[in-house]
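Reader: I have the sequence and the structure open, and I would like to learn how to read them. Please take the features in turn, with the general idea before the case.

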Amino acid sequence: MRCGPLCRFLWLWPYLSYIEAVPIRKVQDDTKTLIKTIVTRINDISHTSVSSKQRVTGLDFIPGLTPVLSLSKMDQTLAIYQQILTSLPSRNVIQISNDLENLRDLLHLLASSKSCPLPQARALETLESLGGVLEASLYSTEVVALSRLQGSLQDMLRQLDLSPGC
Amino acid sequence: MSCQKFCVAFLHWEFIYVITAFNLAYPITPWKFKLSCIPRNTTHDFLLPAGISKNTSNLSGHYEAVVETKLNSSGTYLSNLSSKTTFHCCFWSEEDKNCSVHADSIEGKAFVSTVNSLVFQQIGANWNIQCWMKEDLKLFICYMESLFKSPFKNYDLKVHLLYILLEVLEESPLLPQKSSFQIVQCNCSVHECCECHVPVPTVKINYTLLMYLKITSGGVIFHSPPMSVQPINVVKPDPPLGLCMKITDTGNLKISWSSPTLVPFQLQYQVKYSENSTKNMRKADEIVSATSLLVDSVLPGSSYEVQVRSKRLDGPGIWSDWSTPLTFTTQDVIYFPPKILTTVGSNVSFHCIYKNENKIVSSKKIVWWMNLAEKIPQSQYDVVGDHVSKVTFPNLNATKPRGKFTYDAVYCCNEHECHHRYAELYVIDVNINISCETDGYLTKMTCRWSPSAIQSLVGSTLQLRYQRSSLYCSDVPSIHPISEPKDCHLQRDGFYECLFQPIFLLSGYTMWIRINHSLGSLDSPPTCVIPDSVVKPLPPSSVKAEITVKIGLLKISWEKPVFPENNLQFQIRYGLSGKKVQWKVFEVYDAKLKSASFPVPDLCAVYAVQVRCKRLDGLGYWSNWSTPAYTIVMDIKVPIRGPEFWRIINEDNTKKERNVTLLWKPLMKNDSLCSVRRYVVKHHTSRNGTWSEDVGNHTKFTFLWTEQAHSVTVLAVNSIGASSANFNLTFSWPMSKVNIVQSLSAYPLNSSCVILSWMLSPSDYNLIYFILEWKILHEDNEIKWLKIPSSVKKYYVHDHFIPIEKYQFSLYPIFMEGVGKPKIIDSFTQDDGKHQHDAGLYVIVPIIISSSILLLGTLLISHQRMKKLFWEDVPNPKNCSWAQGLNFQKPETFEHLFIKHTESVTFGPLLLEPETISEDISVDTSWKNKDEMVPPTTVSLLLMTRDLEKGSICISDQCSSAHFSEVESTEITCEEESRRQPSVKYATLLSNSKSGETEEEQGLVNSSVSKCFSSNNSLPKDSFSNNSWEIETQAFFILSDQHPNIISPHLPFSGGLDELLKLEGNFPEENNDERSVYYLGVTSIKKRESDVLLTDESRVLSPFPSHCLFTDIRILQDSFSHLVENSFNLGTSDQKTFVSYIPQFQTCSTQTQKIVENKMCDLTV
């Protein structure tokens, strides 16, 4: 237990070293810009619009549009999306997946600036069924994932203006 | 008890049997072992009675001494054995000399006993055997070699190997049946050597190989005991390859070799080398696990021989064979390192050991040179040991290639002696700039770099390596030990291009170029790039340009590109569309702005507009310019003004009506903004009020002016409306008589500009402006006009004025009340003519005046003298025989006077060479005058004759003279100063002195002179010698007929002379005593060849027209000394002077003139 603060400090050290070099303001701006960029990228993929009238079932492992209020929740949500996108064979989403990785790194920087412990999100068990779903309904998965990711990102953009907590 | 004992013994036997079963097969050792066989009986004899079978497991052998005594036999024993003799065989080795004897029982079971091998060695058959697994792990080899000498030597040797691969030996405690064994025949050579190959799958290399040998030799069959081995334990590698020796950078000898790649375990190596130097000779043997060995204390001029072999490092194995020996000889000078590849700015050192004449040079005596041209300062030397010198090069500059040598040669020298070997120093500038650019879609980053800086390093390969950080770049980029290569492709421009796709927008890509070379590898300074900061956006889209209606501004609108999401700044440029657009550039820093307006000078022109963008924070690049957008020319506003117009009035005097035609120039775009759909003429009269007439697009309109005053206005109408500011013109009868322009003058500046100035008189009317109208005089079809402000008093009219035309200028004052009376001048042409005459007048008039005065004076003086002299000496026709019948006052032709005497005088050739001259001839118009007194005449000649070049001709009419001036404008007035007597003077113009024409000239002169002399009674004909006349012919001119073509166009000579001569012809008739009669023979120029004066055949003068006679023509000569001398012969009378008409070839000086007048004979009666 005594090594807890030390471990925590050591864990934060790489991020703190970044913060030392990069102003937090720039990190915030870059985070917002990157979110907008990803949203625009999804917009550019023509088939990502999903009718709001229809609810797609069976894809519960894709995070819904529930408000994400904290940085850790954001990171967790993005980790799931990143994992889903990485599994998709479409070329369009590879770049978005890379962007998500950058975005998560930025969230970690923001969290470290607020001294928030933001553990690396691990793959969730729910994604174990991803492989089977992808084989059966690749299109649905891609469309729904991108659509929900877009919504989540827009929600995060709003939350970032409100200075979200840890 | 015995039963009990038996039972115990039985149990004990069984136990022994079980134990031996497990140890039945002989374990093959990695080293050589032996197989020895002896006949069965012999074995049993000493084995079984000894009762030691119970102790067969005892490997120590307690019966060595017994065996030695019992089996003390020789090889001859075996030779006596039959073929059916059964042998007992055993294996033993040098390490374990106990022989395990194998015997087959009837039941197929075997039992083993241990005997000292010495027994077999002495009495049995012996073989050396070695088995190993090849390095490829696929072949098991057993090699056997017969040791016994004679018994079976002469028999065929057949060896078979029977084997079986067992996964685990322990699983089958009993030996397998013989039928399960596989058999291979071994290859035996004549040297009693056999090699048996057993294929073993690699996967079964850990299995147990159970086998035995069946040797048939000389009818005797030897069965070896079973052997067992795991192939993995007897692997024999191949000898190491790639043996290499070199001097290391630190001065050691490095022996290196390559390790085999097939063996699944690590190897150890044994290196044996020998050093043979002048000092000593040493040998060493070292075992190492690495594939290289460093040998220190390497000396120059030594040779080293090395061999290496290998073996499994951990576990059992067999040493490979020794590699082929390698010899390496060190040079007399050893540089270490011998070559250095380094980067600019780095520090490097070379070491050197120098052996000179079998003696190693002391390091203190070593000096270093660069390229054999430059001694390296001693401050850079360092003594490392007694024999090792070191030189250090700090902060190196890039090597400049010298021809094909791309390195610097570093020499280690012994004071003043350098060995030819040198070290090579390659210094490469590796500052390679890597520039990256992210595309407008933010999906790929292209990095470019040029290898030009390191092209000099032949044999090098370049590779871009990078390492990506999760976010951003560190302040000081560094080369990370873990990096990835990136494929780059050479482009046509010599740059390499590397593509990163997809990208991590905010990650830091640290990149550098690795230069790989045989001498080592170099890394360029690393560069860190964040793709997000090197974005070149797409150009703005939907760029539109228009001139806003009624506002009149150039409005440019655009849409920002989709990416990046950052705030953007924009640059707008616009210019008049054309081939070469002169752009005006404006910056827009408001990221939200989507349009901008700019005032432009020309609202009716087509503007090209382009927009580009860049991140507002300055990061990244400017996008390309957008596709140009163009404005469309359309009506922006109502026309600024109506057209300026003027009128042409056609007056009908019979009626009080005038047809007025209005003229105007089409309104330009700048005034019409930007087009004119039609023109409207608005009339106003007091009687009819106001009305309008649509003219359409015409620029001319005619109406009838009937009323006292008629006002018209011309309006221009476009799609927006009619012009608001318009010009009015009022035609008023009363006003047309108002004259306020007092004077008007036009001064031409050049053919394109005329200055007009005018004076105005005061007027009560309201002057608005002037209309200036001009046209070529008498040509009404092309009237030009322009409007001039009322305040102007002088105006430059620019037009193409034709100088030979006459222009009429009219200046109309335009009053508010109407058009006033114009001032019309025709001064342009008059002024111009006068101007043209002025230049001539300024020159000619003074000449004429001065000439006139001079001539007048001459005339008066000569008139008085001639009056006295001439008529006194005129021959009396009645008293002069030759003159009888001749009318001196009116001769019909010139030849009539002289023809009778032409044969009496001959002429010599002319002395002077002909020369071509140019002389301008102009005959004044005063020749036309037919007055009695011919006014002074100036004649200038433009003749292309050489004869007249140096002559001057003075033509005088009575006392007046016409001067034939020289080309050089040496105008000489030859004033006749005959003192006593009037003289008849002749001059003949000589045009050439060609020998072929000499006779003509002579004839002419002879004739004239002879006649002249004939008239003089006092002169006998004989007194003229031909010789003297030959000389005197120089004094005569003959006007050349060789150049009539040249002369005639310029010389209206005959016409003028005709008139003159007509005038002369009247003198005798008038019987004017006061007049002198002078004659001059001149060829009519117009008659040319047809009127040749003298022909060769006739040697007489051709008919000479009377109109060619001149009076009082003097020909002066400034150089006629010959003539002067000869003239003494002619002079017979002191009282009479001869004034010769001498060809005036030279300038007539005053002195000459005097001589002539004083000493020449006068042709007087």
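Author: Start with burial: a residue is buried under 20% relative accessible area, exposed over 50%, and partly exposed in between. Arg402(B) has 37% relative accessibility, so Arg402(B) counts as partly exposed. Keep in mind that this is a predicted model.

Reader: Which residue meets the side chain of Arg402(B) in a salt bridge?

Author: The general idea is a side-chain nitrogen of Lys or Arg within 4 Å of a carboxyl oxygen of Asp or Glu. Here the partner of Arg402(B) is Asp408(B), at 3.1 Å from N to O. Asp408(B) has a relative accessible area of 12%, so Asp408(B) is buried.

Reader: How many salt bridges are there over all chains?

Author: The count comes to 20 over all chains. One of them joins Lys32(A) and Asp161(A), whose closest N and O atoms are 2.8 Å apart. Lys32(A) lies in helix α2 (residues 24–44) of chain A and Asp161(A) in helix α6 (residues 138–161) of chain A, so this pair ties together parts that are 129 residues apart in sequence.

Reader: Are Lys32(A) and Asp161(A) buried or exposed?

Author: Lys32(A) is partly exposed, at 23% relative accessibility. Asp161(A) is exposed, with a value of 53%.

Reader: Please give me another pair, and a case that goes beyond pairs.

Author: In chain B, Lys784(B) and Glu782(B) form a salt bridge with an N to O distance of 3.8 Å. Lys784(B) is partly exposed at 28% relative accessible area, and Glu782(B) is partly exposed at 48%. Salt bridges can also be linked: Arg448(B), Asp493(B) and Glu497(B) form a network of them.

Reader: Next, the chains as wholes. How many helices and strands are there in chain A?

Author: Chain A has six helices and zero strands. Read from the N terminus, its elements run α-α-α-α-α-α. Chain B, in contrast, has 14 helices and 70 strands.

Reader: What share of each chain is buried, for chain A and for chain B?

Author: In chain A, 46% of the 166 residues count as buried. In chain B, 48% of the 1165 residues do. The accessible surface is a separate reading: about 8,800 Å² for chain A, with 55% of that belonging to carbon and sulfur atoms. For chain B the surface is about 57,500 Å², and carbon and sulfur atoms account for 51% of it.

Reader: How should I read contacts against sequence separation?

Author: Take the contacts between residues at least 6 apart in sequence, and ask what part of them joins residues at least 24 apart. That part is 84% in chain A and 69% in chain B. As a single distance in chain A, take Ser112(A) and Cys166(A): they are 54 residues apart along the chain, and their C-alpha atoms are separated by 9.4 Å. Ser112(A) sits in helix α4 of chain A and is buried, at 2% relative accessibility.

Reader: Now strands. Which strands pair with β33(B) in the parallel sense and in the antiparallel sense?

Author: Strand β24 (residues 339–343) of chain B pairs with β33(B) in the parallel sense over five bridges. Strand β31 (residues 408–414) of chain B pairs with β33(B) in the antiparallel sense over three bridges. Glu424(B) in β33(B) is the bridge partner of Lys339(B) and also of Ala409(B).

Reader: How many residues of β33(B) are buried?

Author: Six of the six residues in β33(B), which spans residues 423–428, are buried. Both faces are covered: Ala423(B), Leu425(B) and Val427(B) lie on one side, with Glu424(B), Tyr426(B) and Ile428(B) on the other.

Reader: Which residues have the most contacts inside the largest nonpolar core?

Author: A core is a set of buried nonpolar residues joined through side-chain atoms within 4.5 Å. The largest has 103 residues, and those with the most contacts inside it include Leu153(A), Trp368(B) and Leu425(B). Helix α4 (residues 92–113) of chain A gives the most to this core, with nine residues. Another core lies apart from it and has 66 residues, among them Tyr26(B), Ile141(B), Val229(B) and Leu267(B).

Reader: And which residues make a nonpolar patch at the surface?

Author: Val843(B), Ile844(B), Ile847(B) and Ile848(B) make a patch of about 330 Å². Val843(B) is found in helix α7 (residues 827–873) of chain B.

Technical notes: Residues numbered from 1 in each chain as written. Chains lettered and ligands numbered in written order. Predicted model: local features only at pLDDT ≥ 70, side-chain atom pairs only at ≥ 80, totals over all residues. Heavy atoms only, no water. Buried < 20%, exposed > 50% of the residue type's maximum accessible area, 1.4 Å probe, protein only. Helix = DSSP H or I, 4+ residues; strand = E, 2+ residues; numbered from the N terminus. Pairing = 2+ DSSP bridges. Patch = residues over 30% accessible without salt bridge, like charges linked within 9 Å, V, L, I, M, F, W, Y side chains within 5 Å. Areas by Shrake-Rupley, 256 points an atom, 1.4 Å probe, with all protein chains shown as cover. Contact = heavy atoms within 4.5 Å.
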